[in-house]
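Please open the structure in your viewer and keep the selection panel at hand. The tour below proceeds from one selection to the next.

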Amino acid sequence: MSVIGVVSMKGGVGKTSVTANLAAAMARVLGPRRVSVVDLDPQNAMRWHFGLDGSSSAGGCNQSLDGKPWNHAVLATAFDVTCLPYGEADETEREAYESLLAREPDWISTQLQRARLDRDAVVLIDTPPGPSVYLKQVLACADLVLIVLLADASSYATIPAMESWLHEMAAISARSKCAYVLNQVDRTDPLNRDVTALLQKHLGARLVPIHIHRDEAVGEALAFQQPVLIYAPHGQASHDLARLAGWVIDTLNR
Amino acid sequence: MNPKVVLSLWRARWDKTADTAFKRPYLQGKPNAWGRRLTHTGLWSLPAAVPITSLASLALLLWMLSIQFSQGGQLAFSLVFAGFAVYIRRYGGTLVTLTLLGMSLLMSARYLYWRFTSTLGSGFSSDFVLGFGLCVAEFHLWALSVLGFVHKVWPLQHASSRLPAEQDTWPTVDVYLPIQGCDLATILQRCSNAFALDWPREKLQVFLLDGEPRDAAMDLAASFGATYIGYVDKASDASVHVNQALSQTDGELVAIFDGNRSPEKNFLQMTAGWFVRDQSLGMLRTPQNPLGAEVVTSNPPLLPSMTSSISCAIVRRSMVVEFDDEKPGMTNLSEHIARKLHVLGFGSGYIGFNTNRIPSADIFRVDQQLSSTPQIWQQRFAALRSMLHFYLPIPRWVFFTAPLAYLLAGVHVIQTNPGLLAAYAVPHFLHGYIAKGRLGGSKRLALWADVRDTVLGWYMLLPTTFSVVRTEISQTLAAIRTGFKDQSREPFHWTLSLPYSIVLLLNLFGLVAGMANPQWPQGNASIDSTLYLPWCVCNVMLLAATLAVAEEGRHIRQQTRKLSRMPAMLQLPSGHTLSCETENFPETALSLLLPISMHIDNGSEVNVSIFCGLQEYGFPTRVVSLEGSVLSVRIDESALDRYQNVGAAILSRGPDWPGWLPGPNADHPLPKWLGKPIDSTWLKMKTLSEKLGNTIGRSWLGRWIQKRKIQT
């Protein structure tokens with residue numbers, strides 16, 4: 001079982017859409033029943049990317065608080081990806097969950113073990129932005145950590161914080177590989193272009209060579225509750241995500 | 001793209017750490033101090049000190065030339081000199097360079113003297129004839145390198161003459177740019193260079209001389225403010241048009257800039273002063289960049305695609321129109337004008353020297369260049385050197401076929417034993433390599449020059465032979481030369497590689513024959529195993545490299561066609577993107593293959609990005625038409641420049657070369673089980689010697705040496 005954590009220091013970079021679309025792209029390559037997505041973001045937005053029914057309130061949060069395994073709350077989607085939403089949780093439930101995670105630093109990895117997934121299964125975990133208890137746990141158990149950035153100045157400004165965070169976590173997660181993913185790259189926008197070049201120079205090999213281009217289709221796909229690969233298969237964003245999936249698979253295999 | 005750049009690209013591609021310096025910087029130490037003391041003594045200012053010392057040195061050289069050592073003696077002699085050279089070459093400074101050159105001169109002269117006197121067969125047997133031919137070939141090469149040394153040691157000093165202060169007295173200048181056969185981008189470049197010349201604008205007029213009238217070029221000329229003269233005759237020669245234009249224009253001076261490159265900004269400032277000062281001056285010739293740094297150190301650049309004369313001429317019009325040119329076939333028009341002027345009694349000056357001319361053999365035969373033009377001795381040497389270099393293919397082919405004379409035909413071209421030959425030849429090569437490396441510096445690596453010259457050997461050999469015999473054939477030369485620009489002509493490729501393949505096969509046969517010789521390795525045939533067989537192997541390697549270059553040329557031509565399909569992205573005004581492919585990449589009227597059919601209005605502005613590797617290049621474009629799934633767009637003017645630069649950069653294949661070179665372990669040619677022990681032994685020896693050095697340094701001997709050092 002390979003675990004991919006998708007993180008970011010800043011909100012609004014498109015983490016959830018990258019996670020969902022990447023999962024769909026990998027499911028295209030790997031086949032059905034191999035890719036799963038775990039949503040640890042209290043926003044609970046992952047389910048909309050797959051057109052899941054919003055009526056059910058079960059999710060990782062509730063299941064954990066009730067001491068039940070996660071398998072019961074996992075939902076199948078039409079896109080060969082199984083999704084575990086965060087679940088509808090009010091403020092007290094969320095705080096209880098987070099204090100549970102703070103008390104037991106291996107909770108997430110234990111739950112993943114309990115799920116008894118196949119050896120060749122891939123789990124993508126979406127986290128809320130910024131330093132949080134979810135991030136700590138994911139960093140501890142992930143084989144590959146993808147840090148999503150936008151090509152703008154504020155993303156560039158968060159890199160030092162991320163680096164120091166990763167450095168602290170290096171003791172715990174010595175085995176995980178980290179890579180930065182640039183989202184919404186647009187050459188026609190001068191600032192975007194310049195920051196992309198700056199990030200390429202600054203991050204060098206730590207930046208994934210495949211950037212995800214800005215494409216209206218990504219937003220529209222969410223509006224249609226589909227992954228962008230299904231909605232606009234010939235768009236550049238779909239193309240980039242397909243290549244990113246290939247890159248992730250190669251990196252995990254190495 | 002020189003070897004060092006290719007090596008660094010290869011290293012980057014295989015993720016090897018970059019070497020900060022390929023070569024250690026030169027040391028400055030005791031030898032330099034001694035050299036300075038030697039050159040700055042007051043002894044040199046004594047009367048006749050210099051001539052006497054020169055004569056004495058020359059006598060010493062001649063005497064040392066002719067000393068016949070035994071094999072052991074020669075070995076000891078070479079070792080001493082070689083050791084000294086290897087030690088001294090680490091130091092910088094002109095005196096050290098001269099020392100190295102002198103040693104190379106001595107060793108090579110000794111080698112050649114010995115070859116001519118002791119290794120040739122007797123009488124007029126085939127041994128003697130072929131051996132003599134080989135000796136002459138070696139002498140040719142040596143003469144070439146000696147002239148190169150001379151040229152490096154006594155470079156020509158350039159003079160200038162200042163213009164008068166009042167600009168009203170400055171002459172009007174017409175600039176002629178012969179542009180037949182040039183594409184628009186080149187014309188644009190040359191025009192802008194011509195207009196960038198530093199000369200009062202009202203006294204400068206630019207004329208573009210074209211072989212056939214072209215509308216696009218006419219518009220380009222108008223946009224610059226130049227005059228466009230398109231002739232309807234299809235003569236491919238610039239001199240014809242120049243002659244016709246001379247009678248049509250009225251500037252006082254005429255500057256003719258032929259060739260693909262244009263002169264520096266202050267060209268007119270530097271040269272017109274001579275005309276003002278000396279009213280009888282008819283013509284001034286210079287190489288393209290008379291005051292620019294000369295990149296060519298040992299071998300002049302002669303590439304098949306370069307046009308003939310990379311020279312400029314500036315003439316006084318009144319004197320030139322007095323004669324007509326009855327030989328329109330001559331391709332080096334400046335030479336011709338100079339000839340005629342001289343005949344008419346006008347003066348012709350020469351700044352700099354033209355070592356870069358392809359048909360120099362032409363000039364040699366027809367115009368007796370060495371005798372007619374008044375030139376100083378350096379220019380004569382330079383002309384001689386360029387002639388020798390032009391005939392270089394002949395000795396090169398002699399070298400390729402010499403071992404075959406023995407291996408396949410049994411002719412003893414070198415009659416000596418291997419030990420003596422090694423004792424004479426090794427210092428010849430070693431010192432030659434050191435001296436050439438010293439002069440060439442960072443711009444030429446030894447073997448690459450060989451490969452390149454070998455590639456050019458066949459290309460130049462035919463024209464060489466013909467042009468000496470018949471001058472009219474030079475017209476065919478001009479046609480062939482312009483034909484060479486057309487890269488799609490496959491027959492040219494065959495012409496280039498077939499003779500090499502033949503000689504390579506012959507060399508392989510020779511290798512096999514030599515190894516199958518029943519007397520090998522003992523008996524009289526021992527010399528062939530130590531001389532001719534390794535020689536064959538070297539030939540095989542050089543020829544293989546040559547064929548690889550020809551193959552790469554073919555690969556490049558194919559790649560050009562493949563490059564037209566590049567991954568691209570279309571960005572629509574609505575923000576949607578489409579991943580597509582280009583069909584004809586470097587063209588301005590780009591057509592894209594779309595994966596789906598869609599509707600876009602004609603004339604709408606879309607952005608197209610081309611992906612090359614990890615790079616993305618975006619250009620604003622305008623939709624021209626959409627037929628089915630093929631979208632035609634036109635790149636906007638504002639981005640046209642950048643687009644053409646990107647196209648040229650991608651097509652130049654620079655970063656592709658490392659992919660073409662062998663893989664990540666190419667810098668470890670030995671297998672691990674062989675390389676590792678050698679490596680570790682070498683390392684152990686190094687540490688041992690270091691430890692030894694430390695021990696001695698700490699002992700009483702070391703302390704004594706230290707004390708001596710501090711005192712001095």
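The model shown here is predicted. Begin by selecting helix H3 of chain B, residues 49–66, together with helix H5 of chain B, residues 94–118. Their axes come within 8 Å and cross at roughly 45°. Since angles from 65 to 115 degrees count as roughly perpendicular and those under 35 degrees as roughly parallel, H3(B) and H5(B) are therefore oblique to each other. The crossing of this pair, H3(B) and H5(B), is right-handed.

Display the side chains at this crossing. On H3(B), the residues to select are B:Leu61, B:Met64, B:Leu65 and B:Ser66. They meet B:Leu106, B:Ala109, B:Arg110 and B:Tyr113 of H5(B). In the contact of H3(B) with H5(B), six residues are nonpolar, one is polar and one is charged.

Next, select B:Ala48, which lies in the loop between helix H2 (30–39) and H3 of chain B. What is the sign of phi at B:Ala48? It is positive, at about 65°, although B:Ala48 is not a glycine. Most residues other than glycine have a negative phi. B:Ala48 has a relative accessibility of 42% and so counts as partly exposed.

Now move to helix H24 (residues 672–698) and helix H25 (residues 700–711), both of chain B. Their axes lie 4 Å apart, and the two helices pack at an angle of about 70°. H24(B) and H25(B) are therefore roughly perpendicular to each other. From H24(B), the contact involves B:Ile696, B:Gly697 and B:Arg698; from H25(B), it involves B:Trp700, B:Leu701, B:Gly702 and B:Arg703. By class, the contact of H24(B) with H25(B) comprises three nonpolar, two polar and two charged residues.

Before leaving chain B, display the whole chain. It has 25 helices and 13 strands, and 44% of its 712 residues count as buried. The accessible surface of chain B comes to about 37,400 Å², and 63% of that surface belongs to carbon and sulfur atoms. Among the contacts in chain B between residues at least 6 apart in sequence, 72% join residues at least 24 apart.

Turn next to chain A, and select A:Thr16 in helix H1, residues 15–30. Is A:Thr16 buried or exposed? It is buried, because its relative accessible area is 11%, and the cut-off for buried is under 20%. Leaving aside neighbours within four places in sequence, A:Thr16 is in contact with A:Asp41, A:Ala45, A:Met46, A:His49 and A:Asp126. Add A:Pro128 to the selection: A:Thr16 and A:Pro128 are 112 residues apart in sequence, yet 9.0 Å apart in space from C-alpha to C-alpha.

Keep H1(A) in view and add helix H11 of chain A, residues 236–253. The two axes come within 8 Å and cross at roughly 70°, which makes H1(A) roughly perpendicular to H11(A). On the H1(A) side, select A:Val18, A:Asn21, A:Leu22, A:Ala25, A:Met26, A:Val29 and A:Leu30. These residues meet A:Leu241, A:Ala242, A:Leu244, A:Ala245, A:Val248 and A:Ile249 in H11(A). The contact of H1(A) with H11(A) has 12 nonpolar residues, one polar residue and no charged residues.

The last stop is A:Asn44, found in the loop between strand S2 (35–39) and helix H2 (46–49) of chain A. A:Asn44 has a phi near 60°, a positive value in a residue other than glycine. With a relative accessibility of 4%, A:Asn44 counts as buried.

Definitions and conventions: Residues are numbered from 1 along each chain as its sequence is written. Chains are lettered from A and ligands numbered from 1 in the order in which they are written. This is a predicted model: local features need pLDDT of at least 70, side-chain atom pairs count only at pLDDT 80 or more; totals for chains, interfaces and linings use all residues. Side-chain values use heavy atoms; hydrogens and water are left out. Axes are lines fitted to C-alpha atoms, for helices over the stretch in contact, and angles run from 0 to 180 degrees between N-to-C directions. Angles under 35 degrees count as roughly parallel, over 145 as roughly antiparallel, 65 to 115 as roughly perpendicular and the rest as oblique. A crossing is left-handed if the near helix is turned anticlockwise from the far one by less than a right angle, and right-handed if clockwise. Contact means heavy atoms within 4.5 Å. Ala, Val, Leu, Ile, Met, Phe, Trp, Tyr, Cys and Pro count as nonpolar, Asp, Glu, Lys and Arg as charged, and the others, Gly among them, as polar. Buried means under 20% relative accessible area, exposed over 50%, partly exposed in between (1.4 Å probe, protein chains only). Accessible areas come from the Shrake-Rupley method with a 1.4 Å probe; for residues, only the protein chains shown count as cover.
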